[in-house]
Each structure stands twice: as structure tokens, then as C-alpha cells.
Amino acid sequence: MSPDEQDTVAGSRTDRLFTLALLVKGIDGAVELVTAVVLVAVSGAAVHHLVAEVLAHDLLGPADGTLARHFVAGTTEFVSGDRTFAVLYLALHGVVKLALVVALLRKWLPAYPVAIAVLLLFVVYEVIRAVHTGSLVLPFLAALDLAITVLVIREYRMLRRERRAEETA
């Protein structure tokens, strides 16, 4: 295989990975948006009942394990406190993700720097929040957002090169 063919194969793999990452982000954004709506409609008692069911069936490991304790602490804080922040955060996060995914899938060049900035802000927030709360999920989400940011940067550079070549041709 020639070097040009190898670049094409590697490029198409990266393109597929980029598209897959965007689809995952889009699904994640949609789930966050739906979750925000559900949180508005679901009572605290229903949330406590769900937590009790999950713990009763050892779905998070032992009921006195670390994961179960984190889950109970997070749920208790959520149910006893004001849900406005959680609902607004999830709704805003979901809408922003969906809008950026649509713009990037359409290869709208001005959206790329915005997407990079937004994703990096998500990473910073997720890391700070993980340190503050001891969350086990947020570092994973931050790493995922960082990987997607790298793919967005790569795609942006490639599109800019292609558009410059088209303009000079």
C-alpha cells in the first residue's frame, strides 16, 4: 500500500471515529435533555424508591460499597436540595451539545472553534466538580470530552486545509 493510500485509510478511520464520537455526543445531549424534563416531572419520593430498588438488587455492588455510598449521597443531596441547578445544567448542556453536533455534522466551519471552546469548558468544569464531589463518573466524562476535542481540532484543521485548497484552485 502506498503512503497516499495509507493516509486515506487512516483518514477514513479517523473520519468514522469523529462521526461516531459526534453521534455519541448527540445521544448524550438528547439523554441529558430528556433527563432534565423527567427531573421536572418526577417526585423526590420516586427517586428515593428507585435508589432503594437499585440497592436492593445489588446493581451497584454491595449496599455498603463505595459506589453505592456515592450513589446514595448524590441522590440524597439531589432530592433534599433545589433541583433547579440540575435541571438547568442538564437542559443547557443537552441543547448545546445537540446544536454543536448538528453544526459539526454539517461541517459548518464557524462552529468548530465554538465546539472546541465549549468542550474544553466542559472538561474544566467536570474536573473541578469531580475534585469537589469525589465523583467517579466525571473524570471519565472529562477524558471522553478531551478525546472528542482532539478529534474536533483534527477535523477543523483538515476542513480548513481543504477549503483553502478549493479557494486557490
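# A walk through a six-helix model

In the protein chain, confidence is lowest in helix 3 (residues 66-80), with a mean pLDDT of 65, and highest in helix 5, where the mean is 91. Those values exist because this is a predicted model. Taken over the protein chain, the mean pLDDT is 81, and 75% of the residues reach 70 or more. It helps to keep helix 3 in mind as the part with the lowest confidence while you look around.

Let us begin with the overall plan. The secondary structure of the protein chain consists of six helices and zero strands. Read from the N terminus, the order of elements is therefore α-α-α-α-α-α. Of the 169 residues in the protein chain, 31% are buried. The accessible surface is about 10700 Å², and carbon and sulfur atoms account for 70% of that area. How do residues far apart in sequence figure among the contacts? Among contacts with a separation of 6 or more, 73% are between residues 24 or more positions apart.

Helix 4 is a good place to check the geometry. This helix covers residues 84-105, which is 22 residues, and at 1.5 Å a residue it should span 32 Å. The C-alpha atoms at its ends are 31 Å apart, in agreement with that expectation. Several residues of helix 4 are buried, including Leu90, His93, Lys97, Leu100 and Val101. After the helix comes Lys107, whose phi is positive, near 60°.

Now turn to the charged residues. Side chains of opposite charge can pair when their charged atoms come close. How many salt bridges does a search of the whole structure find? The search finds six, and a few of them are worth visiting one by one.

Start with Lys25, which sits in helix 1 (residues 3-41). Is Lys25 buried or exposed? Its relative accessibility is 7%, so Lys25 counts as buried, the cut-off being under 20%. Leaving aside residues up to four places away in sequence, Lys25 touches Lys97, Val101, Leu119, Asp145 and Ile148. One of these neighbours, Asp145, forms a salt bridge with Lys25, and the closest N and O atoms are 2.1 Å apart. Asp145 belongs to helix 6 and Lys25 to helix 1, so this pair ties together parts that lie 120 residues apart in sequence. Asp145 is buried too, with a relative accessible area of 0%.

Another neighbour of Lys25 is Lys97, and Lys97 has a salt bridge of its own. Its side chain meets that of Glu32 at 3.3 Å, N to O. Here the link runs between helix 1, which holds Glu32, and helix 4, which holds Lys97, two distant parts of the chain with the residues 65 apart. Glu32 is buried, with a relative accessible area of 11%, and Lys97 is buried as well, at 5%.

The next pair brings back Lys107. Glu155 forms a salt bridge with Lys107, the closest N and O atoms being 2.8 Å apart. Glu155 lies in helix 6, whereas Lys107 lies in the loop between helix 4 and helix 5, so the pair ties together parts that are 48 residues apart in sequence. The two partners are placed quite unlike each other in terms of cover: Glu155 counts as buried at 2% relative accessibility, while Lys107 counts as partly exposed at 36%. This pair also belongs to a network of salt bridges that links Asp15, Lys107, Arg154 and Glu155.

From charges we can move to the nonpolar side of the surface. Which residues form a nonpolar patch there? They are Leu17, Leu20, Val24, Phe140 and Leu144, which together have about 460 Å² of accessible area. Helix 1 and helix 6 (138-168) are the elements that give two or more residues to the patch, and helix 1 gives the most, with three. Leu144, one of the patch residues, is found in helix 6. With a relative accessible area of 32%, Leu144 is partly exposed.

Our last stop is Ile128, in helix 5 (residues 111-133). At 54% relative accessibility, Ile128 counts as exposed, since the cut-off is over 50%. Ile128 and Pro139 are 11 residues apart in sequence, and their C-alpha atoms are 9.5 Å apart in space.

Methods:
Residues are numbered from 1 along each chain as its sequence is written. This is a predicted model: local features need pLDDT of at least 70, side-chain atom pairs count only at pLDDT 80 or more; totals for chains, interfaces and linings use all residues. Side-chain values use heavy atoms; hydrogens and water are left out. Helices (H or I, at least four residues) and strands (E, at least two) are DSSP runs, numbered from the N terminus. Buried means under 20% relative accessible area, exposed over 50%, partly exposed in between (1.4 Å probe, protein chains only). Contact means heavy atoms within 4.5 Å. The expected span of a helix is 1.5 Å times one less than its number of residues. Patches are made of residues with over 30% relative accessible area and no salt bridge: like charges are joined within 9 Å, nonpolar side chains (Val, Leu, Ile, Met, Phe, Trp, Tyr) within 5 Å. Accessible areas come from the Shrake-Rupley method with a 1.4 Å probe; for residues, only the protein chains shown count as cover. A salt bridge is a side-chain nitrogen of Lys or Arg within 4 Å of a carboxyl oxygen of Asp or Glu. pLDDT is the predictor's confidence in each residue, from 0 to 100.
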